[in-house]
Amino acid sequence: MRFVVTAVLMLAITGCANTGLRDLRGSGDGPDEFIINPAKPLETPESYAALPAPTPGANNITDPTPLQDGAVVVGGRRTSAAAAVPARDGAVVSHASRFGVTRGIRSQLASEDEDFRKRRGRLTQYRIVPVDRYNQVYKRQAIDPDRVATQYRRAGVPTPTAPPSN
């Protein structure tokens with residue numbers, strides 16, 4: 001009897017874990033209605049007939065410059081995406097692009113990552129109990145900080161102290 005009570009308690013406690021933030025599966029067909037916050041006051045148009053047809057990827061009438069507005073909110077400056085790199089950042093950009101720049105790298109990486117997750121997560125998609133698929137899929141790519149710190153120390157690289165391993 002004690003075993004059954006312990007098992008039920010353990011199952012109840014594990015059900016309280018908040019691992020859903022890293023669940024890589026989509027939860028629906030559309031945007032998450034809880035993360036949509038109007039940045040500017042909504043206005044009633046003079047004529048509903050004069051509104052343009054919705055175009056995916058086009059500018060939003062209510063919020064035409066969301067990226068620039070976001071940059072200003074976090075302390076940056078309002079610039080366009082095509083703006084030149086400031087002179088003070090030129091050395092960083094030159095160093096980062098010394099081996100060349102791949103156009104469309106973000107979409108390429110997103111596509112490759114999606115393929116990788118599909119291949120690695122084939123057998124983890126159908127579980128009765130929710131599982132943190134992020135750790136399952138990327139387990140082989142995780143870095144062991146203790147091992148890396150040891151390697152750097154053996155190579156003579158000064159490294160900061162770290163908390164003891166668990």
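Helices, as named in these legends, are DSSP runs of H or I of at least four residues, numbered from the N terminus.

**View 1. Overall fold of the chain in a predicted model.** The chain holds six helices and zero strands, so that, in the numbering defined above, its elements run α-α-α-α-α-α from the N terminus on. Of the 166 residues in the chain, 7% are buried, and the accessible surface comes to about 15,400 Å², with carbon and sulfur atoms contributing 59% of that area. Among the contacts in the chain with a separation of 6 or more, 29% are accounted for by residues 24 or more positions apart.

**View 2. Surroundings of Gln136 in helix α5.** Gln136 belongs to helix α5, which spans residues 133-137, and with a relative accessible area of 25% the residue is partly exposed, because this class lies between the limits of 20% for buried and 50% for exposed. Arg117 stands 19 residues from Gln136 in sequence, and the C-alpha atoms of the two residues are 9.8 Å apart in space.

**View 3. The aromatic pair of Phe116 and Tyr138.** By the rule applied here, the count comes to one aromatic pair. The ring centres of Phe116 and Tyr138 lie 5.6 Å apart and the ring planes meet at 40 degrees, so the pair is classed as tilted. The two residues, 22 positions apart, link distant parts of the chain, with Phe116 in helix α4 (residues 105-120) and Tyr138 in the loop between α5 (133-137) and α6 (145-154). Phe116 is buried, with a relative accessible area of 18%, and Tyr138 also counts as buried, at 16% relative accessibility, because the limit for this class is under 20%.

**View 4. A nonpolar surface patch that includes Tyr48.** Tyr48, Leu51 and Ile61 together form a nonpolar patch on the surface, and their accessible area comes to about 360 Å² in total. Tyr48 is placed in the loop between α1 (2-14) and α2 (66-73), and its relative accessible area of 60% makes the residue exposed, because exposed means over 50%.

Technical notes. Residues numbered from 1 in each chain as written. Predicted model: local features only at pLDDT ≥ 70, side-chain atom pairs only at ≥ 80, totals over all residues. Heavy atoms only, no water. Buried < 20%, exposed > 50% of the residue type's maximum accessible area, 1.4 Å probe, protein only. Contact = heavy atoms within 4.5 Å. Areas by Shrake-Rupley, 256 points an atom, 1.4 Å probe, with all protein chains shown as cover. Patch = residues over 30% accessible without salt bridge, like charges linked within 9 Å, V, L, I, M, F, W, Y side chains within 5 Å. Salt bridge = Lys/Arg side-chain N within 4 Å of Asp/Glu carboxyl O. Phe/Tyr/Trp six-rings, centres within 6.5 Å; stacked < 30°, edge-to-face > 60°.
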